Amino acid sequence: MRQAHAGTVSDAPGVHVRKPADSGLLDGWLDRFAACPFPAHAGDHAIVRTPVQRAPLYTPEERRRRDDTVWTLVQGVLAPVQFLAFGISLFLVVRYLMTGEGAEVATLSVVIKTLLLYTIMVTGAVWEKVVFGRYLFAPAFFWEDVFSMLVLALHTAYLAMLLLNLGTPREQLILALAAYATYVVNAAQFVWKLRMARLEAPSPGPAVAA
């Protein structure tokens, strides 16, 4: 015969199983490790997500240095110039790979694009030093800088093939296309960070009537 006592459940004489005094502890444990939105299970197990506070890209002092340095303007000019050179070069490279025409002009366009990349990498490192106190791998742009190293390596490998006369022009320009693919990803990373920086920018205070 089943006998119930306060705090225990008995299924057989002399056998007692202690019932938890407070099921809230069990419910909390289940919510932590097996969250379930259906209240039919023990406890409600509702999934509660706490918003993650993301560190800002710039401290107020870093933002001030960014706004005051001329290297910010230099980067703002070089970035669209490099992207324009990339667009023209991409067209010329693809045209050569599809038609076999214009190898020389396609090669020249990649060289110009690569030199612009070197320029923006050097000036970008100076900008990072001024704003963040280090030339590369500042926490705010760590992964962008890491991927930039891959972009730089592939562009440099193209120049090495060209100068050492390794491979055919077609093989060289296929490598240039691979370098361009990494450049597009890297550019998207920086555009995203630019958008985040604008969203984090302090809004201007309300105008004060004279």
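**Entry 1: N165**

I looked up N165 and found it in the loop between helix 5 and helix 6. The model I am reading is a predicted one. I noted a phi near 55° for N165, a positive value in a residue other than glycine. I wrote down the background for this: most residues other than glycine have a negative phi. I then checked the accessibility. N165 has a relative accessible area of 63%, and the cut-off for exposed is over 50%, so I entered N165 as exposed.

**Entry 2: F137**

Which loop holds F137? I traced F137 to the loop between helix 4 and helix 5. F137 is not a glycine, yet I read a positive phi of about 60° for it. Its relative accessibility is 29%, so I put F137 down as partly exposed.

Next I looked at the ring of F137 together with the ring of F142. I noted first that a pair of aromatic rings is described by the distance of the centres and the angle of the planes. I found eleven aromatic pairs when I looked up the count. For F137 and F142, the ring centres are 5.7 Å apart and the planes stand at 50°, so I recorded the pair as tilted. The partner, F142, has a relative accessible area of 34% and is also listed here as partly exposed.

I also looked for rings joined into a group. Ring pairs link Y58, W127, F132, F141 and F190 into a cluster.

**Entry 3: the chain as a whole**

I stepped back to the full chain. I counted six helices and three strands in it. How does the pattern read along the sequence? I read it as β-β-β-α-α-α-α-α-α, with the strands ahead of the helices. The protein chain has 210 residues, and 30% of them count as buried. I also looked at contacts between residues at least 6 apart in sequence, and 59% of these join residues at least 24 apart.

**Entry 4: helix 2 against helix 4**

I noted that two packed helices are described by the angle between their axes and the distance between the axes. Helix 2 covers residues 60-68 and helix 4 covers residues 103-132. I found that they pack at an angle of about 135°, with their axes 8 Å apart. Helix 2 and helix 4 are therefore oblique to each other. Which residues make the contact? From helix 2 I listed E62, R65 and R66, and from helix 4 I listed W127, V130, V131 and F132. Sorted by class, this contact has four nonpolar residues, three charged residues and no polar ones.

**Entry 5: two residues of helix 4**

I stayed with helix 4 and looked up T114, which is found there. Is T114 buried or exposed? Its relative accessible area is 0%, so I marked T114 as buried. Leaving out residues up to four places away in sequence, T114 touches H155 and L159. I also checked T114 against A176, which is 62 residues away along the chain; their C-alpha atoms are separated by 9.6 Å.

Y118 is found in helix 4 as well. With a relative accessible area of 26%, Y118 is partly exposed. Apart from its neighbours within four places in sequence, Y118 is in contact with L152, T156 and L159. I looked up the C-alpha distance from Y118 to L152 and got 7.7 Å, for a pair 34 residues apart in sequence.

**Entry 6: A79**

I found A79 in helix 3. Its relative accessible area is 35%, which I entered as partly exposed. A79 and L116 lie 37 residues apart along the chain, and their C-alpha atoms are separated by 9.0 Å.

**Entry 7: the nonpolar cores**

How many residues are in the largest nonpolar core? I found 21 residues there. Those with the most contacts inside this core are V93, Y96, A106, V110, Y158 and L173. The elements that give two or more residues to it are helix 3 (70-99), helix 4, helix 5 (142-163) and helix 6 (169-200).

I picked Y96 for a second look. Not counting residues up to four places away in sequence, Y96 touches E101, G102, A103, A106, P169, R170 and L173.

I then noted a second, separate core of ten residues. Among its members are Y58, A140, M196 and A197. I had already met Y58 in the cluster linked by ring pairs.

Methods:
Residues numbered from 1 in each chain as written. Predicted model: local features only at pLDDT ≥ 70, side-chain atom pairs only at ≥ 80, totals over all residues. Heavy atoms only, no water. Axes fitted to C-alpha atoms, helices over the stretch in contact; angles between N-to-C directions. Helix = DSSP H or I, 4+ residues; strand = E, 2+ residues; numbered from the N terminus. Parallel < 35°, antiparallel > 145°, perpendicular 65-115°, else oblique. Contact = heavy atoms within 4.5 Å. Nonpolar A, V, L, I, M, F, W, Y, C, P; charged D, E, K, R; others polar. Core = buried A, V, L, I, M, F, W, Y, C linked by side-chain atoms within 4.5 Å. Buried < 20%, exposed > 50% of the residue type's maximum accessible area, 1.4 Å probe, protein only. Phe/Tyr/Trp six-rings, centres within 6.5 Å; stacked < 30°, edge-to-face > 60°.
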